[in-house]
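Ready for a few hands-on exercises? Open the model in your favourite viewer and work through each task before you read its solution.

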Amino acid sequence: MRAVPRLLRLATVLLAGLSTAACVTSTVDEMVFNEPVEGIGDSTVVILGRRHAADYETEPDFIQCVGDHISSRDRSITVIGELEFVNSLYPWFEPRTAPLHPQNIDRLLLQEPVAERMAELKTEYMIWIDGKTERSDSMGSMTCGIGPGGAGCFGFGTWSDDSDYEAVIWDFTDRAEVGRVNTTASGQSYMPAVVVPIPIIAPVQGTACDGIGDQLLEFLSSEY
């Protein structure tokens, strides 16, 4: 009967020690080829994930996160949803047909339906994000069971996540690449279990999203 309170005290001490350890380290690098103008005014921006690689795809939820980050920091910016944009211009922005260089935009606009749709959307900046978040290491074990006094788990697990993303910014009006932003982030997550497993998650992908979103705002917003 006394074992459970001792285990709970142990869990409390363990969690207190780990709560400060589930941190994330990140870096952001930026290359600017043309200085950004003061915001995009009434124009729109679309953020798309690169998915032409065979072994991975840039996560749609990361693209959504970056778009939400930008529109929440400057509500005057209209970010077209990735799925909405790709569907409205089908099949020109599917993974196998999407332009890989800004010089290809002129060729793309020779297609009358594409030119008309792009004019309706008023897209000023097209941002391609390439990269992913992956788990690089994990260790530990956990055992769960049911006994006369109830159910519970005991053990400890830990894993690392690493994010690496690059955003390439195209000025759609000038048909030119105007900047690149690269962000990397890494962090260690923990799962201690003393009766109840309690995950302590390092927000690696969220940190990368915030880092790249803040840099993109310098191109899109008149307030940054």
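## Exercise 1: An exposed loop glycine

With a relative accessibility of 54%, glycine 41 counts as exposed, because exposed means over 50% relative accessible area, buried under 20% and partly exposed in between (1.4 Å probe, protein chains only). Before going on, note that this is a predicted model, in which local features need pLDDT of at least 70 and side-chain atom pairs count only at pLDDT 80 or more, while totals for chains, interfaces and linings use all residues. Residues are numbered from 1 along each chain as its sequence is written, and side-chain values use heavy atoms, with hydrogens and water left out.

Task: find where glycine 41 lies, and work out how far its C-alpha atom is from that of serine 76.

Solution.
- Step 1. Glycine 41 belongs to the loop between S1 and S2. Strands (E, at least two residues) and helices (H or I, at least four) are DSSP runs, numbered from the N terminus.
- Step 2. The C-alpha atoms of glycine 41 and serine 76 are separated by 7.9 Å, with the two residues 35 apart along the chain.

## Exercise 2: The disulfides

Task: how many disulfides does a search of the whole structure find, and what is the pairing of the bonded cysteines in sequence order?

Solution.
- Step 1. Apply the criterion: a disulfide is a pair of cysteine sulfur atoms within 2.5 Å. The search of the whole structure gives two.
- Step 2. One disulfide joins cysteine 65 to cysteine 209, with S to S at 2.1 Å. Cysteine 65 sits in helix H2 (residues 60–73) and cysteine 209 in helix H6 (residues 204–220), so this pair ties together parts that are 144 residues apart in sequence.
- Step 3. Take the torsion about that S-S bond: for cysteine 65 and cysteine 209 it is about -105°, so the disulfide is left-handed.
- Step 4. Check accessibility at each end. Cysteine 65 is partly exposed at 28%, whereas cysteine 209 is buried at 0%.
- Step 5. Another disulfide joins cysteine 144 to cysteine 153, with S to S at 1.9 Å. Its torsion about the S-S bond is about 105°, so this disulfide is right-handed. Cysteine 153 is buried, at 13% relative accessibility.
- Step 6. Number the bonded cysteines in sequence order, and the pairing reads 1-4, 2-3.

## Exercise 3: The sheet

Task: in what order do the six strands of the open sheet lie, and which are the edge strands?

Solution.
- Step 1. Two strands pair if DSSP finds at least two bridges between them. The six strands then form an open sheet in the order S1-S6-S5-S4-S2-S3, with mixed pairing.
- Step 2. The edge strands are S1 (24–32) and S3 (78–80), each pairing on one side only.
- Step 3. From one strand to the next, the twist averages 20°. Axes here are lines fitted to C-alpha atoms, for helices over the stretch in contact, and angles run from 0 to 180 degrees between N-to-C directions.
- Step 4. Look at S4 (residues 123–147) and S5 (residues 150–171): they pair in the antiparallel sense over 22 bridges. Within this pairing, lysine 132 has aspartate 164 in S5 as its bridge partner.

## Exercise 4: Two helices on the sheet

Task: describe how H2 and H6 pack, giving the angle and the distance between their axes.

Solution.
- Step 1. Two packed helices are described by the angle between their axes and the distance between the axes. For H2 and H6 the angle is about 50° and the axes are 9 Å apart. That makes H2 oblique to H6, since angles under 35 degrees count as roughly parallel, over 145 as roughly antiparallel, 65 to 115 as roughly perpendicular and the rest as oblique.
- Step 2. List contacts (heavy atoms within 4.5 Å). Residues of H2, including Phe62, Cys65 and Ile70, meet residues of H6, among them Ala208, Cys209 and Leu216.
- Step 3. H6 also lies across S1, S2, S4, S5 and S6 (176–197), running at about 20° to S5.

## Exercise 5: Backbone outliers

Task: which peptide bond is cis, and what is phi at arginine 175 and valine 195?

Solution.
- Step 1. The bond from tyrosine 90 to proline 91 is cis, with omega near 0°. Proline 91 is in the loop between helix H3 (82–88) and helix H4 (104–109).
- Step 2. Arginine 175, in the loop between S5 and S6, has a positive phi near 55°.
- Step 3. Valine 195, in strand S6, has a positive phi of about 80° although it is not a glycine. Valine 195 is partly exposed, at 26% relative accessibility.
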